[in-house]
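Visitor: Good morning. I am new to this structure and would appreciate a short tour.
Guide: Certainly; please look at the display first.

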Amino acid sequence: LDRLKMQFPAEPWHDQDPEENIHPWRRKLEQNAVDEAGVYRVLAEFVATEPTPFEEDEIINWVINTVWPGPKKPPTKQHLKNFFKHVRTKYAAAMPSNRGSRFTPESVERRLVDDFVNHLGGPDAVAYSESKFWVWNIRKGHYTPMSFDRLGGLIDTFLDNMNEEVTDWRINSMLSLLRKVQSKGEKFWVVPELDNGGVINVPGGELWLTPTGWDLRPHDMKHRRRAATAVDYRPEFQSEPSRWIQFVEESFDEEVSDLVKEKLAVMLVYSLMDSLPFLKKGVMIQGPPNTGKSKLIMLVDHMVGESNSASLSIADLAQGKLLPGLVGKMVNLQGEVNVKIQEANRLKAIIAGDSVQADPKNLEPFDFHNRAVFWFATNTVPRFLEGETGIPDRFVLLPMIAAKAASERDPWLLDKLKAEADDIFLWALDIYHDLYLENRVEAVRGTPLCGEGDAEADADLGGFGSGEAEV
C-alpha cells in the first residue's frame, strides 16, 4: 500500500477527510433549500468542484433524506446522478481546470438568459420592477405585466426551440437570474421628453400634442409606456357625440356648463395620458342619487380600458392599503366615498405624487410615485379632519345636480355613451388643444385650468374643506 501511494499520490483536494469536504456543502444546502431551484443551484456549484463518487453519493443522500424542501416528492438518486452528468457534459467548457474552484449559476445560464431577452425584443424588452416582470408587447405598443408562471412558460418554449434540455430546475434558475439581471428601478420608466405631458398612447400609436394639432406617431419601446387607451384616434370618422353633450348639459348647472365641459375634457385627456406624472389633482363628482355619477365613472373606465384602471376606495388609500394595485394604472375609479375620512395625510401624499411605500403580499416592498388620476363619485362630499386643508385642493369638484325621476331615466344611457366613446375622445382632444393654444392648460402639475380667474370659477362650482363641507 505504501508503494502504491508513492506511485499514485492523491491530489491535495482529495487527500482530506471526505467528511470535511462535504460538510460545507451540507450546510450550504440547508441554507439554500427554500425551494427546488435553490437546491439545484447549490448542486450545480458542488459538481463544479469535481467531487469523488463517494462525495456525490453522500450529497445525494443528504438531499433526498434531509433537505429536500417539498411539497413535491424528492427526486430519485438516478435523477440527481443524471443531473450531475448533465452539468458536466453540457457545460464542460465552464468547468474549472483546478479542483476546488467553483462556478455560479450565472456563468452557466447567463448566455441563455441573454439570448432569451434578445428573443423578446432586446436588452430592455423585459424589466423586473415593483415586484413584477414587465415585458414589451409590440402588438399592443406598451409593456405588460407578466406572471412568473407565464414567463416560465415562455422560457420553456424558448429552451425547446433551442434544442436545450428543459427541466423545472433550469426554468426556475433562469427566472431567478432574469430577475437579477433585468431588475430596474422606478427611474427606468421616466422619459424626460414625455414627462411634460402631451402624449397619449393609443392602440394605433403615440398621440403627441403639437401647436398644429395632435400628431400620431409609431409606438416606441424607448418611451417605456405601460398602458394604452381603449379608445382609438380616428379623426377621419369623427362626428359630434350628441348624447354625451346632452348628458353633460342636463346633469350640471347651465350657468357653468361651458366651464364644466372644459374641466371634463381636460381631466379626461389627463386620465388618458400614461406619460403624465404627478398631476396632483383628482375628480370628485358629487350629487344626489340618480344624477348619472356612476355612468360617468363607468364611461371613464370604458375609455381607458378595464386593465388600466384600479378601484381602490378612498378609505383604503388614506390607510395605505392595497397600494400595489396602483402601479402601472392610468386611473383609480371609485363609485362610493365614505362621509368622513380619518387619515388624510397618506391620501394627500399619494395624490400629490410623493414617494409612498407599497407592500405586496409575499413579495418585497418597494417605493413608488403614483401616476393614476383619481375619479370619485359621492352623494355627500367627504369630511376630513380639521386642519387637512391640503386634501380639498387635490380635487376638481364637479357637482351633478339634476336628479332624474324613474320615468325620465334613459335605461340605455351607458350603452349610448360607450358607443360614442371614440367621438367623446376626439371632442376632449379638440377642447384640450384649444386651451393649450390659449395657454390655459398646465400640462404637468397644478390645476387643470390655470387661466386667469380660474379660482373664482372653481368657487362657483362649489368648494369643500375640513369640517362641515357643503356644495
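Guide: What follows is a conversation about the overall chain, one helix pair and two single residues.

Visitor: What kind of model is this?
Guide: This is a predicted model. The average pLDDT of the protein chain is 77, and 76% of the residues score at least 70.

Visitor: Where does pLDDT stay under 50?
Guide: One such stretch is residues 10-16, for which the model has 15 contacts beyond four places in sequence. Another is residues 443-471, with 74 contacts beyond four places in sequence.

Visitor: How many helices and strands are there in the protein chain?
Guide: The protein chain has 16 helices and 15 strands.

Visitor: And what share of the residues is buried?
Guide: Of the 471 residues in the protein chain, 50% are buried. As for contacts between residues at least 6 apart in sequence, 73% of them join residues at least 24 apart.

Visitor: Let us turn to the helices. At what angle do the axes of α10 and α11 cross?
Guide: Helix α10 covers residues 257-272 and helix α11 covers residues 293-304; their axes come within 10 Å and cross at roughly 40°. The two helices are therefore oblique to each other. The crossing of α10 past α11 is right-handed.

Visitor: Which residues make that contact?
Guide: From α10, the contact uses L264, L268, S271 and L272; from α11, it uses L296, V300, M303 and V304. Sorted by class, the contact of α10 with α11 comprises 7 nonpolar residues, 1 polar residue and no charged residues.

Visitor: Now a single residue. Where is G282 found?
Guide: G282 lies in strand β7, which spans residues 282-286.

Visitor: Is G282 buried or exposed?
Guide: G282 counts as buried, because its relative accessibility is 0%.

Visitor: Which residues does G282 touch?
Guide: Leaving aside residues up to four places away in sequence, G282 touches M267, F374, R394, F395 and V396. In addition, G282 and A372 are 90 residues apart in sequence, and their C-alpha atoms are 9.1 Å apart in space.

Visitor: One more, please: which helix holds E36?
Guide: E36 is in helix α3, which runs over residues 36-48.

Visitor: Why does E36 count as buried?
Guide: E36 counts as buried because its relative accessibility is 15%, and the cut-off for buried is under 20%.

Visitor: And what does E36 touch?
Guide: E36 touches W68, P69 and K72, not counting residues up to four places away in sequence.

Terms used: Residues are numbered from 1 along each chain as its sequence is written. This is a predicted model: local features need pLDDT of at least 70, side-chain atom pairs count only at pLDDT 80 or more; totals for chains, interfaces and linings use all residues. Side-chain values use heavy atoms; hydrogens and water are left out. Axes are lines fitted to C-alpha atoms, for helices over the stretch in contact, and angles run from 0 to 180 degrees between N-to-C directions. Helices (H or I, at least four residues) and strands (E, at least two) are DSSP runs, numbered from the N terminus. Angles under 35 degrees count as roughly parallel, over 145 as roughly antiparallel, 65 to 115 as roughly perpendicular and the rest as oblique. A crossing is left-handed if the near helix is turned anticlockwise from the far one by less than a right angle, and right-handed if clockwise. Contact means heavy atoms within 4.5 Å. Ala, Val, Leu, Ile, Met, Phe, Trp, Tyr, Cys and Pro count as nonpolar, Asp, Glu, Lys and Arg as charged, and the others, Gly among them, as polar. Buried means under 20% relative accessible area, exposed over 50%, partly exposed in between (1.4 Å probe, protein chains only). pLDDT is the predictor's confidence in each residue, from 0 to 100.
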